[in-house]
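Biologist: Before I interpret any detail here, could you take me through how a few local features are read? I would like the general idea and then the case at hand.

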Amino acid sequence: MKITRIFAHRVELPLHETTYAWSGGKSVTVFDSTIVGVETDGGLIGCGEVCPLGPFYLPAYADGVRAGLREIGPHLLGEDPRQLAKLNRKMDLALKGHPYVKSGIDVACWDILGQATGMPVCELLGGRYGEDVHLYRAISQESPEQMAAKVATYRAEGYRRFQLKVGGDPDVDIARIHAVAAKLQPGDRLVADANTGWVQHEAVRVAKAVRDVDVYIEQPCLTYEECLAVRRQIPHPFVLDETIDDLGILLRARADHAMDVVNLKISKLGGLTKTKQARDLCVSMGIAMTLEDSWGGDIATAAIAHLALSTPPELLFSTTDFNSYVTVSTADGAPQRVNGRMAAPTSPGLGITPKKNALGERVVIVE
Ligand code: MG
């Protein structure tokens, strides 16, 4: 089987809540997503999705996905999409870095492998653990009172895990954590995610001010070293996210006891192949994970669902359903939240069918 064409659509994904805000005053109102298609000589077409959280979250931006596909695409024509390790090596030799560019192609090739073998991606990724997985809900940064009020709304939708967007003014963040924690019920779980927004002394100060709150602290500062220094001074369970973007730093963080949970995002690591490698390593090392992506719609959510369902439940800390945040549906058959949980499709590949009328014109064609 050979790759004969790689193409992409640009899709705008507005939000039901109009805006999503996090640390440092950053926010997005309409997500700019790239739906990637990989076409083969046998007629199979696989799809993937890459949707950065704006240009100021990770070293990734929406136009960069499309530019990168034009750069890397010609190197992949004629390659067998089912030979994923070889394909990834080819991508890494053709373009240094830029893992997010490669992610959509890699996911599309997993979709093809599943269609070619008649197996759902989650079974190919290691096996399906159970029926469904629990979801977390991100609470966009607002005033402490507004954020606390959201807990009841999201709990009514079935969510029991809440990820509070902090990383702003430390005094307001202390109030945010206290206000939201006061709304929790037994069995709920709370993460305060600063998304790199605090400097070291602020992070230590916030954590000490909420020392008696049952809350996880996620990625307080910009650098690994700052996060490690904070981690060593505070009592809370600790999550690393933005700084863990390859195996080298994952292993270093493990050796340093720098985290209790790690957040692995598919496009941050460069696709399902590389995320599976990190995920499997975490399973062997006993590190729990949040498995997700930077953002996306139906197709990104399907890839997340397959990854999450193929992970031992005791090591799956949380995952998420981005397609329920956005107003546009781009595929039939995508996972849907039911009582705060989501399942992965049971049909071959990703188990979804892109909606042609939702995708518009192709903005990248390599053939
Ligand atoms: Mg995070």
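**Reading helices and backbone angles**

Modeller: His98 has a relative accessibility of 41%, so it counts as partly exposed, the class between buried (under 20% relative accessible area) and exposed (over 50%), with a 1.4 Å probe and protein chains only. This is a predicted model, in which local features need pLDDT of at least 70, side-chain atom pairs count only at pLDDT 80 or more, and totals for chains, interfaces and linings use all residues. Residues are numbered from 1 along each chain as its sequence is written, and side-chain values use heavy atoms, with hydrogens and water left out.

Biologist: What is the sign of phi at His98, and where does His98 lie?

Modeller: Most residues other than glycine have a negative phi. His98, however, has a positive phi, near 50 degrees, and lies in the loop between helix H2 (84–94) and H3; helices are DSSP runs of H or I with at least four residues, strands are runs of E with at least two, and both are numbered from the N terminus.

Biologist: Is Gln219 buried or exposed?

Modeller: Gln219 is buried, at a relative accessible area of 0%. Its phi is also positive, near 35 degrees, and Gln219 sits in the loop between strand S10 (216–218) and helix H8 (224–231).

Biologist: How many residues of H3 are buried?

Modeller: In H3, 15 of the 19 residues are buried, so the helix is largely enclosed by the rest of the structure. Gly118, which follows H3, has a positive phi near 75 degrees.
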